[in-house]
Amino acid sequence: MEKIQHNYVNVRGLKLHFAEIGTGPVVVFLHGFPEIWYSWRHQMIAVAEAGFRAIAPDYRGYGLSELPKEPEKTTFKDLVDDLLDMLDSLGIHRVKNP
């Protein structure tokens, strides 16, 4: 797991964490609740070894991502918008559908 890199991106006023490994077409792993990126660590390594770039973000308020000022007002639309903005900021316009 030492190959997995950790980065941050500023999205919609929050500093969001994501883990990534590999190169090639992008596969995004989305964690459940109340989990974090770490739930996907083994799958990320396998996907990277198969020639893909695996990315697993921590949702707002989870793991190493910043907590919004009013977390109780967070909606699923916020999570989707965060993900789309994160991918845009990384220059990723298409992800692989396994």
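1. A word on annotation before anything else: UniProt positions are given here in the numbering used for this chain, feature names are shortened, and annotations may be inferred rather than shown by experiment. With that in mind, the unreviewed UniProt entry has "domain: AB hydrolase-1" covering residues 25–95. Please also remember that this is a predicted model. Over residues 25–95 the chain is 32% helix and 11% strand, and the C-alpha atoms at the two ends of that stretch are 7 Å apart.

2. On to the sheet. Four strands make up an open sheet with mixed pairing, and their order across it is 1-2-4-3. Strand 1 (5–11) and strand 3 sit at the edges with a single partner strand each, so one side of each has no neighbour in the sheet. Ignoring direction, neighbouring strands are turned by 30 degrees against each other on average.

3. Now for the pairings themselves. As a reminder, strands of a sheet pair through backbone hydrogen bonds, in either a parallel or an antiparallel way. Strand 1 and strand 2 run antiparallel and are joined by seven bridges; within that pairing, Asn7 stands opposite Phe18 of strand 2. The two strands form a hairpin with two residues between them. Have a look at Arg12 in that turn, as its phi is positive, at about 50 degrees. At the other edge, strand 3 pairs with strand 4 in the parallel sense over three bridges, and Val26 has Arg53 in strand 4 as its bridge partner.

4. Then the helices. Helix 1 lies across strand 2 (14–21), strand 3 and strand 4, and its direction is at about 55 degrees to strand 2. Helix 2 lies across strand 1, strand 2, strand 3 and strand 4, running at about 110 degrees to strand 1.

5. The aromatic residues deserve a point of their own. A search of the whole structure turns up five aromatic pairs. Take Phe33 and Tyr62: their ring centres are 5.4 Å apart and the ring planes are at 70 degrees, so this pair is edge-to-face. Phe33 comes from the loop between strand 3 (26–28) and helix 1 (41–49), and Tyr62 from the loop between strand 4 (53–57) and helix 2 (76–89), so the pair ties together parts 29 residues apart in sequence. From C-alpha to C-alpha, Phe33 and Tyr62 are 9.0 Å apart in space.

6. Phe33 has another ring partner in Phe76. Here the centres are 6.3 Å apart and the planes at 75 degrees, so this pair is edge-to-face too. It links distant parts of the chain, with Phe33 in its loop and Phe76 in helix 2, 43 residues apart. Phe33, Tyr59, Tyr62 and Phe76 form one aromatic cluster. Besides Tyr59, Tyr62 and Phe76, Phe33 touches Leu79, leaving aside residues up to four places away in sequence.

7. How buried or exposed are these rings? Phe33, at 44% relative accessibility, counts as partly exposed. Tyr62, at 25%, also counts as partly exposed, with buried meaning under 20%. Phe76 reaches 63% and counts as exposed, because the cut-off for that is over 50%.

8. Away from that cluster, there is a charge over a ring to check: Lys15 lies over the face of Tyr8, at 4.6 Å from the ring centre.

9. Two more residues I would click on are Asp78 and Ser39. Asp78 is found in helix 2 and counts as buried, at 15% relative accessibility. Leaving aside residues up to four places away in sequence, Asp78 touches Arg12, Arg60 and Lys73; Arg12 is the turn residue with the positive phi mentioned above. Ser39 is in the loop between strand 3 and helix 1, and with a relative accessible area of 31% it is partly exposed. The C-alpha atoms of Ser39 and Glu49, ten residues apart along the chain, are separated by 18 Å.

Definitions and conventions
Residues are numbered from 1 along each chain as its sequence is written. This is a predicted model: local features need pLDDT of at least 70, side-chain atom pairs count only at pLDDT 80 or more; totals for chains, interfaces and linings use all residues. Side-chain values use heavy atoms; hydrogens and water are left out. Rings of Phe, Tyr and Trp (its six-membered ring) pair if their centres lie within 6.5 Å; planes under 30 degrees apart count as stacked, over 60 as edge-to-face and the rest as tilted. Buried means under 20% relative accessible area, exposed over 50%, partly exposed in between (1.4 Å probe, protein chains only). A charge sits over a ring if NZ of Lys or CZ of Arg is within 6 Å of the ring centre and within 35 degrees of the ring normal. Two strands pair if DSSP finds at least two bridges between them. Axes are lines fitted to C-alpha atoms, for helices over the stretch in contact, and angles run from 0 to 180 degrees between N-to-C directions. Contact means heavy atoms within 4.5 Å.
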